[in-house]
Amino acid sequence: MRILDKNKILIIDDEKDFCLLLKMNLERSGEFEVAIATDGKTGIERAKECRPDLILLDIIMPGMDGAMVAYSLNNDAITKNIPVLFLTAVVKKEEVEDSKGIIGNQHFVSKPVNAEELIAQIRKVLKKK
């Protein structure tokens, strides 16, 4: 059951503790309902089930990396219109800032990130949806 006027966020990241901390910070804002998947395959399944408003996706994960997950999501009729915000340590904070958070037509946030920065970027992506 979806809580009214809260955006549903799905975090797909293999770092469970990071996911839990992020979930806590996002839900504390009162704006978001957050689900977690700690691997790519489960993340794709959860995206189809819960149909989030936005997916926060790590790039480097064992098995199925973030690029493969994004490709699968973009090529599925159920999930193709869900915006993806890559949340990764692969891209440096300066690169993200210089490109205004978009690299190769994809939205990126660099780890580590504080909750306020992340929430601002989530709002920005959701506004464009």
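The questions and answers below go through a predicted model of one protein.

Trainee: What does the pLDDT of the protein average?
Mentor: This is a predicted model, and the score differs from place to place along the chain. Of the residues, 82% score at least 70. Averaged over the protein, the pLDDT is 85.

Trainee: Over which residues is the pLDDT below 50?
Mentor: Where pLDDT is low, the predicted coordinates should not be read in detail. The stretch in question has 15 contacts in the model beyond near neighbours in sequence. Its pLDDT is below 50 over residues 95-104.

Trainee: How many helices and strands does the protein have, and in what pattern?
Mentor: The count comes to 5 helices and 6 strands. Read along the sequence, they follow β-α-β-α-β-α-β-α-β-β-α.

Trainee: Which share of the residues counts as buried?
Mentor: The protein has 129 residues, and it exposes about 7300 Å², with carbon and sulfur atoms supplying 54% of that area. The buried share of the residues is 43%.

Trainee: Is Asp 53 buried or exposed?
Mentor: Asp 53 sits in the loop between α2 (40-50) and β3 (54-57). Its relative accessible area is 10%. Buried means under 20%, so Asp 53, at 10%, is buried.

Trainee: Which backbone nitrogen does the side chain of Asp 53 reach?
Mentor: The side chain belongs to a loop residue. The distance to the nitrogen is 2.7 Å, and a polar contact needs N or O atoms within 3.5 Å. The backbone nitrogen reached is that of Lys 8.

Methods. Residues are numbered from 1 along each chain as its sequence is written. This is a predicted model: local features need pLDDT of at least 70, side-chain atom pairs count only at pLDDT 80 or more; totals for chains, interfaces and linings use all residues. Side-chain values use heavy atoms; hydrogens and water are left out. pLDDT is the predictor's confidence in each residue, from 0 to 100. Contact means heavy atoms within 4.5 Å. Helices (H or I, at least four residues) and strands (E, at least two) are DSSP runs, numbered from the N terminus. Buried means under 20% relative accessible area, exposed over 50%, partly exposed in between (1.4 Å probe, protein chains only). Accessible areas come from the Shrake-Rupley method with a 1.4 Å probe; for residues, only the protein chains shown count as cover. A polar contact is a pair of N or O atoms within 3.5 Å; within protein, one must be able to donate a hydrogen and the other to accept it, and residues adjacent in sequence count only if both atoms are side-chain atoms.
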